[in-house]
Each structure stands twice: as C-alpha cells, then as structure tokens.
Amino acid sequence: MHKLSTNKAIIYTLLGGMIAFNALAQKIPVNYDESKMPAYTLPDPLVLPNGKPIKSKEAWEKTGRPAVLKLFAENVYGVNPFPGPVKITSEVRSVNENALGGKAVSKQITLRFPEISPTLALNILLYLPKNVQKAPVFVSLNFTGNHTATHEKDVFVTENWVNSGFDKTFANNRATEASRGIAERRWPMEAIIARGYAVATAYYGDLEADHAEGWKMGLRSVLTPEQREKWSAIGVWAWSMSRMADYLIQNEAQIDRKKLIAVGHSRIGKATLWAAAEDPRFSIVISNDSGEGGAALSRRWIGETVEHLNTQFPHWFCANYKKYNKAVSELPVDQHELLALMAPRPLYVASATEDTWADPKGEFLGAVEAEKVYQLYKKTGLGTTTMPMPNSPVGQTIGYHIREGKHDILRYDWEQYMNFADKHVEIK
Ligand code: GCU
C-alpha cells in the first residue's frame with residue numbers, strides 16, 4: 001500500500017482516498033532491501049552530548065532526559081512557544097445522556113485560548129462509559145472530523161479544512177453530512193466503552209490544517225516567522241492533545257486524571273509520541289503505525305526517509321529537520337530515544353505487515369532500543385529482541401504487535417491496546 005513506485009503516478013491509499021506524492025518526493029530513492037541498507041550507529045540515550053554516561057534513573061531525569069528532549073525539540077518536532085499552563089475556556093455544546101445505545105454519555109466541548117487567539121477552537125467529542133465511576137481515557141486525534149468517527153447523528157460536522165484526498169465525500173476541502181461515520185472502523189467506540197474506558201477525540205486539523213499553508217489559519221499564525229519555523233504542525237497537533245488533557249483533568253470528574261492514554265495512528269502517531277514526550281500527564285502511550293518520524297529508526301534506509309517526509313510534508317517538522325535530508329547519520333538523536341522519553345510509562349508500539357512504507361522492523365527495533373532506559377527503572381520493556389509473528393503481541397512495560405494487513409488502526413489494534421492498558425491501570 002505504501003510502496004512508492006517511480007515510473008507512474010505515485011499514490012497511496014489512506015482512508016480509501018488517493019493522494020498524489022509531489023513530483024520532488026517521487027524522485028527520492030526508496031529501498032526495501034535490508035541487504036542494501038548501509039550500516040548505521042545509533043546515538044546512545046544513556047550518553048550525554050558531552051560524552052558523560054548516565055547510570056541511574058535520577059541522572060536520567062535530571063540531565064539525560066532533558067538533554068534528549070531538547071535535541072528532539074530543536075532538530076525534529078520544534079520548540080513549543082506555548083509550553084503552558086495555557087488559559088483555556090471551555091463550552092459544553094451538547095450532552096447526550098443516551099449515547100451508544102444508552103451505554104455512554106457523550107459530550108461535545110469547545111476549547112478556546114483567549115490569551116493566544118480570539119478565533120481558534122478545539123472541538124472535543126467525549127464518550128464516558130456509564131458503568132464506571134472513574135474511567136481511564138483514550139485521548140486521540142482523528143484525521144477527518146469528529147463526525148466521521150461515529151454514526152451518531154448529533155455529532156457536529158467539522159467546519160474546518162479537510163483533505164479532499166482522504167475521502168470521496170469531501171469536496172473542495174469541506175466535510176458534509178455525507179461523511180458521517182466514514183472512519184468508524186477506526187473507532188470501535190462501543191467496544192471501548194464496554195471495557196470501561198472513555199474516549200476523547202478531536203479533529204487534528206482544528207489548530208493547524210494539514211497542508212503547507214495550513215499554519216496561516218492556525219495556531220502558528222500568531223507567531224513571528226522565526227518562532228513559526230522553529231515549531232511545526234506536528235508540534236501543534238501534539239499541543240492540541242495536551243489541551244485535551246488540561247480540559248479532561250480540570251473539568252471531567254468522571255475521568256481518572258492519572259490514567260490518560262495517548263494513542264494515535266500514523267502522522268497522528270508521530271504527534272502522539274511527541275505529545276507524550278513533552279507532557280508526562282499521559283500515563284500510557286500508544287503508537288499505531290507511526291513509521292518514519294515516529295517509532296521507526298530514521299537511520300534505517302527502508303521505506304520512507306527523513307528526506308521523503310520533509311519533501312512531501314514540509315510543514316510537519318521544524319525547519320532544522322531539513323538539514324538531515326541527506327545526512328541522517330548526523331541527526332543527534334534517533335527515534336528509539338523518543339520512545340525512551342516515555343520511560344518508565346507503559347508504551348505500546350504497533351505495526352502492520354503490509355505497511356512496509358512505515359518500516360515495521362524499524363518500529364520494532366525502536367522499541368527494542370528504548371529498553372535500556374526502562375532498565376534504569378528496573379522495568380522490562382519488550383523483554384525480547386526477536387520480532388514476533390503477525391498477530392502475536394509481546395512485551396511487558398513496552399508492548400508490540402504487528403497486525404496482519406494494511407496501514408490502518410482497526411478493532412484488532414484497539415483490542416491489544418485495551419488488553420495492555422488493563423494490565424497497567426485498574427478501573428474503578
Ligand atoms: C504518509 C506519510 C507517512 C504517514 C502517513 C499517514 O504515508 O508518508 O509518514 O505516517 O502518510 O499519516 O497515514
């Protein structure tokens with residue numbers, strides 16, 4: 001699905017829609033052959049930039065972790081100009097006491113940021129299970145608007161820019177009633193609620209539309225050009241997740257504030273990892289098919305590369321990331337260190353067999369290599385260095401599976417995430 005072919009129009013399938021790769025991205029070589037991949041050396045998260053080793057969790061927290069986080073901010077995801085706390089106003093726009101066949105309460109909440117911009121708004125759709133007093137909550141952005149995550153008729157249709165390539169019901173970059181429920185397969189709400197979890201989702205494009213000029217109408221429009229270049233669209237999406245966390249913690253008594261589970265698919269998986277790296281309130285972190293710039297090691301030359309990312313999606317990462325297009329070995333970090341920033345929190349990484357563009361093996365090795373930081377906390381991460389067979393989850397504080405099939409987030413993936421979360425949270 002995600003294979004690039006060089007001789008004809010280059011396309012990939014996302015939510016069933018076709019998107020053309022730009023002409024420049026088409027020219028960048030793609031490799032899927034392990035034997036053609038040059039040897040690489042990974043940076044060690046337990047060695048400080050000045051060469052000093054980190055030997056304890058105290059030293060990791062005091063100096064190692066902040067140093068790695070800073071390198072990622074300055075070179076990859078960008079420097080957040082609004083690290084918080086951020087003043088938020090919230091308006092509950094609707095409550096449905098009888099959602100999901102009476103099993104849940106749904107709420108739609110609009111967050112605003114009056115000290116930053118009078119117009120920007122982040123619209124949350126929240127499902128709360130009725131049978132639970134204190135619910136852990138999956139916090140996750142969606143690709144196509146809240147109304148596409150459910151068939152429920154009362155969920156507002158997003159009015160923001162949407163990517164027409166993502167679905168045939170989108171015309172002129174607008175969603176309509178016709179797109180209600182188109183992404184439902186990615187959001188098994190009933191099954192999640194039945195297991196005692198809440199779900200909070202928001203459209204990822206609310207604070208920055210996903211195209212090169214999306215910043216003009218979004219959160220980055222209030223910045224100086226220099227600040228804007230230093231930040232990124234992924235940084236904005238991650239910021240959105242933290243504002244969802246603010247709201248849930250401050251306003252929703254039924255949510256267990258210590259059990260915020262950040263989960264995201266693909267580009268949103270990249271943003272999710274960065275959100276959880278910056279924001280320790282996410283107590284469990286799940287990356288679904290996040291690939292290059294997510295869980296997959298950048299130094300592996302398989303599938304998508306840093307150069308592809310920066311060429312096809314120049315707004316996703318900070319300006320500095322482009323320096324590594326042809327010099328990935330000079331990146332002062334690699335993605336296993338992003339995963340290591342989650343320690344000691346439970347972390348789950350998932351791949352799909354046909355998602356070769358995301359380099360499943362590179363995602364698995366990212367998780368393997370993160371383990372050494374978990375060991376400082378006497379935690380076993382994956383506990384194995386052997387990639388498992390399809391549909392055979394492994395791991396302890398770090399979990400991993402490779403699902404049979406395409407680049408997507410499906411019921412099977414959610415079942416594993418709930419099994420994993422069950423092991424690490426107690427539902428009251
Ligand atoms: C493209 C992109 C990936 C990204 C994916 C997605 O395939 O190259 O990096 O993860 O889109 O978001 O679905």
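# A tour of the sheet and its helices

Begin by selecting strands β3 and β4, which form a hairpin with four residues between them, and look in the turn for Leu-100, whose phi is positive at about 45 degrees. Keep in mind throughout that the model on your screen is predicted.

Stay with this hairpin and follow the pairing, where β3 and β4 run antiparallel and are joined by eight bridges. To see one of these pairs, select Val-92, whose bridge partner in β4 is Ile-109. As background, the strands of a sheet pair through backbone hydrogen bonds, either parallel or antiparallel.

Next, select Ser-94, which has its place in strand β3. Is Ser-94 buried or exposed? The relative accessible area of Ser-94 is 17%, and because buried means under 20%, Ser-94 counts as buried. If you set aside residues up to four places away in sequence, the residues that Ser-94 touches are Ser-106, Lys-107, Gln-108 and Phe-156.

Now widen the selection to the whole sheet, which is open, has ten strands and shows mixed pairing. Moving across the sheet, you should meet the strands in the order β3-β4-β5-β7-β6-β8-β9-β10-β12-β11. Which strands are at the edges? They are β3, at residues 89-99, and β11, at residues 394-395, each of which pairs on one side only. At the β11 edge, two bridges join β11 to β12, residues 398-403, and these two strands run antiparallel; here Gly-395 stands opposite Gly-399 in β12.

The helices come next, so select α5, residues 233-251, which lies across β3, β4, β5, β6, β7, β8 and β9. The direction of α5 is at about 150 degrees to that of β6, the strand at residues 135-142. Then add α6, residues 267-278, which packs on the sheet and touches β6, β8, β9 and β10, with its direction at about 145 degrees to that of β8.

With both helices selected, compare how they meet, remembering that two packed helices are described by the angle between their axes and the distance between the axes. The axes of α5 and α6 are 8 Å apart and the helices pack at an angle of about 65 degrees, and α5 passes α6 in a right-handed crossing. On the α5 side, the contact is made by Ile-234, Gly-235, Trp-237, Ala-238 and Met-241, while α6 contributes Arg-267, Lys-270, Ala-271, Thr-272, Trp-274 and Ala-275.

Leave α6 in view and add α2, residues 57-77, whose axis comes within 11 Å of the axis of α6, the two crossing at roughly 140 degrees. That angle makes α2 oblique to α6, and α2 passes α6 in a left-handed crossing. Residues Arg-65, Leu-69, Phe-72, Ala-73 and Tyr-77 of α2 meet Lys-270, Trp-274, Ala-276, Ala-277 and Glu-278 of α6.

For another stop, select Thr-311 in helix α7, residues 306-312. Thr-311 is buried, because its relative accessible area of 17% falls under the 20% cut-off. Apart from neighbours within four places in sequence, Thr-311 is in contact with Asn-22, Leu-24, Ala-25 and Ile-28. Add Arg-112 to the view, and you will find it 32 Å from Thr-311, C-alpha to C-alpha, with their positions 199 residues apart in sequence.

Finally, select residues 229-375, for which an unreviewed UniProt entry lists "domain: 4-O-methyl-glucuronoyl methylesterase-like". Over this stretch the chain is 42% helix and 16% strand, and its end C-alpha atoms are 36 Å apart.

Key:
Residues numbered from 1 in each chain as written. Predicted model: local features only at pLDDT ≥ 70, side-chain atom pairs only at ≥ 80, totals over all residues. Heavy atoms only, no water. UniProt positions renumbered as here; feature names shortened; annotations may be inferred. Pairing = 2+ DSSP bridges. Contact = heavy atoms within 4.5 Å. Axes fitted to C-alpha atoms, helices over the stretch in contact; angles between N-to-C directions. Buried < 20%, exposed > 50% of the residue type's maximum accessible area, 1.4 Å probe, protein only. Parallel < 35°, antiparallel > 145°, perpendicular 65-115°, else oblique. Left-handed = near helix turned anticlockwise from the far one by under 90°.
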